[in-house]
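Work through these exercises with the model open beside you. Try each task before you read its solution.

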Amino acid sequence: MSYQDTINYLYNLQKYGIKFGLENTNKLMSMMDNPHLKFNSIHIAGTNGKGSVSAMLASVLQEAGYKVGLYTSPHLINFTERIRINGKEISEDKVIELTDEIRSRLSAAEAADCGDREFTPTFFEFTTTMAFTYFAEENIDIAVIETGMGGRLDSTNVLKPLISVITAIDYDHKEFLGNDISAIANEKAGIIKQGGIVVSSPQNDETLKIIREVSLSKRARLYQVEKDCSVNEKACSIDGCRFDYHGIKEDFKDIELPLAGRHQIQNAATALLAIEAL
């Protein structure tokens, strides 16, 4: 197929809508030899700041010398923006190759009558499989993976991350996640793993209570911005912000952040706390 034919095929999968649950993704991972288990990862859920925190984490890790995968959504212009390694988007040729490979594995499963005749992945399930396969093939050191929505039943939640990060939670996708903030927080906190490490952005009392309860129930170590680290804003304008960071072990003075908005300072603090926890 041409690249345009491939993109048309992928976008056509959107007609299957959004499916919450990990059954399809687990099947896809098994078909592709479990690529999600072949690289380290940081998993990020939340409502506000996911994209900024993901980009900051990937940037810091890359500057530290690691080969870093980044999987985000949605894209702004080109599909290839979703999947990057060290800032470079996946090539169109690789999108074609991986799409063909995944489709071939799906066809083989159907031909073998493995009970998957009715198994048609959604757009996000397919592209998540593509991203994880690409990262595994490229032998990356670590991937920064952003959830699509929710967390507990998000396709990306097949990962076994080194750290789970939860950015600020607010009302979003209520038709899928629930009508109250507690239900939404429970879905987002579903990325917390048994015995894992969790980093949380500042939260309101209700969402923080949920994150603490889930962390405790899973014996996960919780680090919180404004509790385990603090920031001192020095300047903020349309051109960006400057601040000091006081962390678990490290203090960083006069950090220049070329992003407008005070909320970006909290996003940066979340990324830095995650790096310290890592």
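**Exercise 1. Two helices, H2 and H5**

Task: Find the angle and the axis distance at which helix H2 and helix H5 pack, then list the residues that meet.

Solution. Step one: locate the helices. H2 covers residues 23-31 and H5 covers residues 123-137. Helices here are DSSP runs of H or I with at least four residues, strands are E runs of at least two, and both are numbered from the N terminus.

Step two: read the geometry. H2 and H5 pack at about 35°, with axes 10 Å apart. Axes are lines fitted to C-alpha atoms, for helices over the stretch in contact, and angles run from 0 to 180 degrees between N-to-C directions. H2 passes H5 in a right-handed crossing. A crossing is right-handed if the near helix is turned clockwise from the far one by less than a right angle, and left-handed if anticlockwise.

Step three: list the contact. Asn24, Thr25, Leu28 and Met29 of H2 meet Glu125, Phe126, Thr128, Thr129 and Phe132 of H5. Contact means heavy atoms within 4.5 Å. By class, these residues are 4 nonpolar, 4 polar and 1 charged. Ala, Val, Leu, Ile, Met, Phe, Trp, Tyr, Cys and Pro count as nonpolar, Asp, Glu, Lys and Arg as charged, and the others, Gly among them, as polar.

Two notes on the source. This is a predicted model: local features need pLDDT of at least 70, side-chain atom pairs count only at pLDDT 80 or more, and totals for chains, interfaces and linings use all residues. Residues are numbered from 1 along each chain as its sequence is written, and side-chain values use heavy atoms, with hydrogens and water left out.

**Exercise 2. A second helix pair**

Task: Describe how H7 and H8 pack, and say which residues meet.

Solution. Start with the angle. H7 (residues 181-188) and H8 (residues 205-217) pack at about 40°, with their axes 9 Å apart. The two helices are therefore oblique to each other. Under 35 degrees counts as roughly parallel, over 145 as roughly antiparallel, 65 to 115 as roughly perpendicular and the rest as oblique. The crossing of H7 and H8 is right-handed.

Now the residues. Ile181, Ser182, Ala185 and Asn186 in H7 touch Glu206, Thr207, Ile210 and Val214 in H8. The contact divides into 4 nonpolar, 3 polar and 1 charged.

**Exercise 3. The sheet of 3 strands**

Task: Give the strand order, then name the edges.

Solution. The order is S9-S10-S11, in an open sheet with antiparallel pairing. Two strands pair if DSSP finds at least two bridges between them. S9 (230-237) and S11 (251-257) stand at the edges with a single partner strand each, so one side of each has no neighbour in the sheet. The twist averages 15° from one strand to the next.

Next, the S9 pairing. S9 and S10 (residues 240-246) run antiparallel and are joined by 7 bridges. They form a hairpin with 2 residues between them. Glutamate 233 has phenylalanine 243 in S10 as its bridge partner. Cysteine 236 has cysteine 241 in S10.

**Exercise 4. The sheet of 8 strands**

Task: Trace the order and follow the pairing of S6, S7 and S8.

Solution. This open sheet runs S4-S3-S2-S5-S1-S6-S7-S8, with mixed pairing. S4 (88-89) and S8 (221-224) are at the edges, each with a single partner strand, so one side of each is left without a neighbour in the sheet.

S6 (residues 163-166) and S7 (residues 197-200) pair in the parallel sense over 3 bridges. Serine 164 stands opposite valine 198 in S7, and isoleucine 166 stands opposite serine 200 in S7. S7 and S8 also pair in the parallel sense, over 4 bridges. There, valine 199 has tyrosine 223 in S8 as its bridge partner.

**Exercise 5. Two backbone details**

Task: Which bond joins serine 73 and proline 74, and where does proline 74 lie? What is phi at aspartate 33?

Solution. Serine 73 and proline 74 are joined by a cis peptide bond, with omega about -5°. Proline 74 lies in the loop between S2 and S3 (83-85). At aspartate 33, phi is near 70°, a positive value in a residue other than glycine. Aspartate 33 is in the loop between H2 and S1. Most residues other than glycine have a negative phi, and most peptide bonds are trans.
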